[in-house]
Amino acid sequence: MELKKLEKVYFYNSSQRDIVADIAVLAEKLFLKNDSILIFCTDQETVSVVDDFLWAYREDSFIPHSIKNNEKPSGYSILITTSIDERYEYDILLVLNGGLIKEKDWQKFTKIYYFFDDQDNKEKENARYMWKTFSSLNAECKYWVNKENKWVLANSR
């Protein structure tokens with residue numbers, strides 16, 4: 001496992017928005033920049049929703065990706081999973097549903113995009129904990145909220 005310097009963490013308060021389309025736009029943007037992306041979901045249902053959406057994202061194309069199964073990690077630059085395996089070699093982590101990430105897991109990434117719903121107490125609590133953790137590491141942290149269907153920067157450290 002290679003430890004990387006966590007440089008940036010972006011928090012998105014998704015309580016006013018269905019974020020699956022946002023995840024697809026972000027995944028496509030990062031994919032086109034040749035970034036490798038791990039999409040961490042807290043449950044298998046979310047994995048299925050994101051997987052289906054990425055395959056049908058546009059009528060004329062799709063975002064190439066795979067989902068974790070019991071086999072070895074795939075060769076795709078985007079992987080959707082409910083666990084962070086030490087064998088994974090990805091640069092960017094997208095965390096959905098306010099998942100709590102252990103230090104041994106987030107140390108593998110240079111950037112993290114953290115989506116949570118502040119109307120859900122557990123997700124909000126996890127996001128606060130992760131913000132404090134990442135802020136203490138001197139990683140650049142930015143907090144975005146949705147206003148009038150646009151992401152607006154609300155706080156940064």
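Q: What does contact mean here, and how many of the contacts link residues far along the chain, 24 or more positions apart?
A: Contact means heavy atoms within 4.5 Å. In this chain, residues 24 or more positions apart account for 61% of the contacts with a separation of 6 or more. Keep in mind that this is a predicted model, where local features need pLDDT of at least 70, side-chain atom pairs count only at pLDDT 80 or more, and totals for chains, interfaces and linings use all residues. Residues are numbered from 1 along each chain as its sequence is written, and side-chain values use heavy atoms, with hydrogens and water left out.

Q: How many helices and strands are there in the chain?
A: Helices (H or I, at least four residues) and strands (E, at least two) are DSSP runs, numbered from the N terminus. Here you'll find four helices and eight strands.

Q: What is the order of the strands in the sheet?
A: Strands of a sheet pair through backbone hydrogen bonds, either parallel or antiparallel. Two strands count as paired if DSSP finds at least two bridges between them. This open sheet of eight strands runs 3-4-2-5-6-1-7-8, with mixed pairing. At its edges sit strand 3 (66–67) and strand 8 (150–156), each pairing on one side only.

Q: Which way do strand 2 and strand 4 run, parallel or antiparallel?
A: Parallel: four bridges join strand 2 (residues 37–40) to strand 4 (residues 78–81). Ile-37 has Ile-78 as its bridge partner in strand 4.

Q: Is Asn-126 buried or exposed?
A: Buried means under 20% relative accessible area, exposed over 50%, partly exposed in between (1.4 Å probe, protein chains only). Asn-126 has 7% relative accessibility, so it counts as buried. You'll spot Asn-126 in helix 4 (residues 121–136).
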